[in-house]
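Trainee: Could you take me through a close look at one part of this model, the sheet and what packs around it? I'd like to follow how the pieces connect.

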Amino acid sequence: MSERYPIISITGSSGAGTSTVTRTFANIFRREGVRAAIVEGDSFHRYDRAEMKQRLADAEKAGDKHFSHFGPDNNLFGELEALFRGYAQTGRGRIRKYLHNDEEAAPYRQPPGTFTAWEDIPDNTDMLFYEGLHGAVVTPEHNIAQHPDLLIGVVPVINLEWIQKLWRDKHQRGYSTEAVTDTILRRMPDYVNYICPQFAHTHVNFQRVPMVDTSNPFIARDIPSADESMVVIRFANPKGIDFPYLLNMIHDAYMSRANTVVVPGGKMELAMQLIFTPFIWRMMERKRRVTP
């Protein structure tokens with residue numbers, strides 16, 4: 001952790017909805033004049049799309065039914081931890097982008113599914129912001145969770161997570177239901193061993209719970225809307241959280257436990273604004289105190 005070079009890390013599975021949190025923080029950064037170095041978790045995959053496809057085929061031929069993007073063999077955990085450690089100490093590090101589609105790839109004149117070249121983080125950033133799969137991962141070799149100043153987990157209930165992934169991969173990426181289902185099953189051991197344990201290290205977790213029937217996510221025709229959901233917000237350490245203020249500002253919010261607030265799904269982004277803007281204020285104030 002670092003007062004001079006703070007790190008915020010958003011962690012969640014594929015299809016969990018971490019992009020909503022990222023959008024909220026982008027709005028906070030813009031409003032508060034914060035210069036954040038943005039780190040995309042996908043850029044720390046070990047292989048590009050073509051390489052991953054070939055390795056998946058090789059794994060299946062070898063009888064490996066659990067080859068996935070979630071585990072350590074297919075990710076650069078060491079490089080990600082080095083980035084976090086180095087940024088916390090010096091405000092510097094090297095990052096790249098993963099180009100998901102034609103629109104992202106066009107400015108770089110590269111095929112989609114490839115990585116850009118590694119480049120230095122710009123000088124004079126105020127903090128580092130990570131969003132991806134492994135922002136709080138801990139293994140025998142690496143402890144990424146120890147470095148961020150603020151760790152946020154985004155964890156829909158599992159059926160909703162699958163519905164969101166199925167919808168995105170079918171409608172945006174052209175995959176069949178069978179192909180997405182196969183991916184979900186193949187990832188399950190790594191999901192249990194490397195994704196779920198991260199949420200024991202996060203400072204705040206957001207879990208969206210649908211208020212409609214999601215019993216069979218594989219036949220769902222659409223994603224339950226925000227207004228059809230509630231969001232459970234759990235604080236690992238509730239000290240300093242102004243719960244009366246949150247309950248007063250968010251209509252129909254209530255506390256289910258001493259460290260847990262439940263808000264309507266449509267108020268999730270408002271809740272994030274109310275909760276995290278003071279965090280950013282405190283980070284920037286500490287940074288100003290220690291910066292010569």
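Mentor: Let's start with β8 and β10, which pair in the antiparallel sense over five bridges. If you want one residue pair to find on screen, go to Val232, whose bridge partner in β10 is Val262. Keep in mind as we go that this is a predicted model.

Stay on β10 for a moment. Five of its five residues are buried, so this strand is mostly covered. On its other pairing, β10 meets β9: three bridges join them, and the two run antiparallel. Here you can look for Met255, which stands opposite Val261 in β10. β9 and β10 form a hairpin, with two residues between them.

Now go back to β8 and look at its pairing with β7. Strand β7 covers residues 204–210 and strand β8 covers residues 229–235, and they pair in the antiparallel sense over seven bridges. Asn205 is a good marker there, with Arg234 in β8 as its bridge partner.

From β7 you can carry on to β6. These two pair in the parallel sense, over three bridges, and Val154 stands opposite Phe206 in β7. β6 also pairs with β1, again in the parallel sense, this time over four bridges. In that pairing, Ile10 has Ile152 in β6 as its bridge partner.

β6 deserves a pause. Five of its five residues are buried, so the strand is largely enclosed by the rest of the structure. In a regular strand, side chains alternate between the two faces of the sheet. You can trace that along β6: Leu150, Ile152 and Val154 point one way, while Leu151 and Gly153 point the other way, and all are buried.

Now zoom out. Eight strands form an open sheet, in the order β2-β5-β1-β6-β7-β8-β10-β9, and the pairing is mixed. At the edges stand β2 (36–40) and β9 (254–257); each has a single partner strand, so one side of each is left without a neighbour in the sheet. From one strand to the next, the twist averages 20 degrees.

Next come the helices that pack on this sheet. Helix α3 (residues 77–90) touches β1 (7–11), β2 and β5 (127–132), and its direction makes about 160 degrees with that of β5. Helix α8 (residues 268–290) packs on the sheet too, touching β1, β5, β6 (150–154), β7, β8 and β10 (260–264). The direction of α8 makes about 175 degrees with that of β7.

α8 has a helix partner as well. Two packed helices are described by the angle between their axes and the distance between the axes. Helix α1 (residues 18–32) and α8 pack at an angle of about 50 degrees, with their axes 10 Å apart. They are therefore oblique to each other, and α1 passes α8 in a right-handed crossing. On the α1 side, the contact includes Val21, Phe25, Ile28 and Phe29; on the α8 side, Met272, Phe276, Ile280 and Trp281 are among the residues taking part. By class, the contact of α1 with α8 has eight nonpolar, five polar and four charged residues.

For a second helix pair, look at α5 (residues 158–171) and α6 (residues 177–195). They pack at an angle of about 135 degrees, with their axes 10 Å apart. That makes α5 oblique to α6, and α5 passes α6 in a right-handed crossing. From α5, the contact includes Ile158, Trp162 and Leu166, and from α6 it includes Val180, Ile184, Met188 and Tyr191. The residues of this contact divide into seven nonpolar, three polar and five charged.

Finally, a few loop residues are worth a click. Arg92 is found in the loop between α3 and β3 (94–95). Leaving aside its neighbours within four places in sequence, Arg92 is in contact with Leu83, Gly86, Tyr87, Ile121 and Asp123. Its C-alpha atom is separated by 9.5 Å from that of Leu128, 36 residues apart along the chain.

Arg109 is in another loop, between α4 (102–105) and β4 (119–120). This residue is not a glycine, and yet it has a positive phi of about 55 degrees. Arg109 is also exposed, with a relative accessible area of 81%. Asp252, too, has a positive phi, near 75 degrees, and its place is in the loop between α7 (243–249) and β9.

Methods: Residues numbered from 1 in each chain as written. Predicted model: local features only at pLDDT ≥ 70, side-chain atom pairs only at ≥ 80, totals over all residues. Heavy atoms only, no water. Pairing = 2+ DSSP bridges. Axes fitted to C-alpha atoms, helices over the stretch in contact; angles between N-to-C directions. Contact = heavy atoms within 4.5 Å. Parallel < 35°, antiparallel > 145°, perpendicular 65-115°, else oblique. Left-handed = near helix turned anticlockwise from the far one by under 90°. Nonpolar A, V, L, I, M, F, W, Y, C, P; charged D, E, K, R; others polar. Buried < 20%, exposed > 50% of the residue type's maximum accessible area, 1.4 Å probe, protein only.
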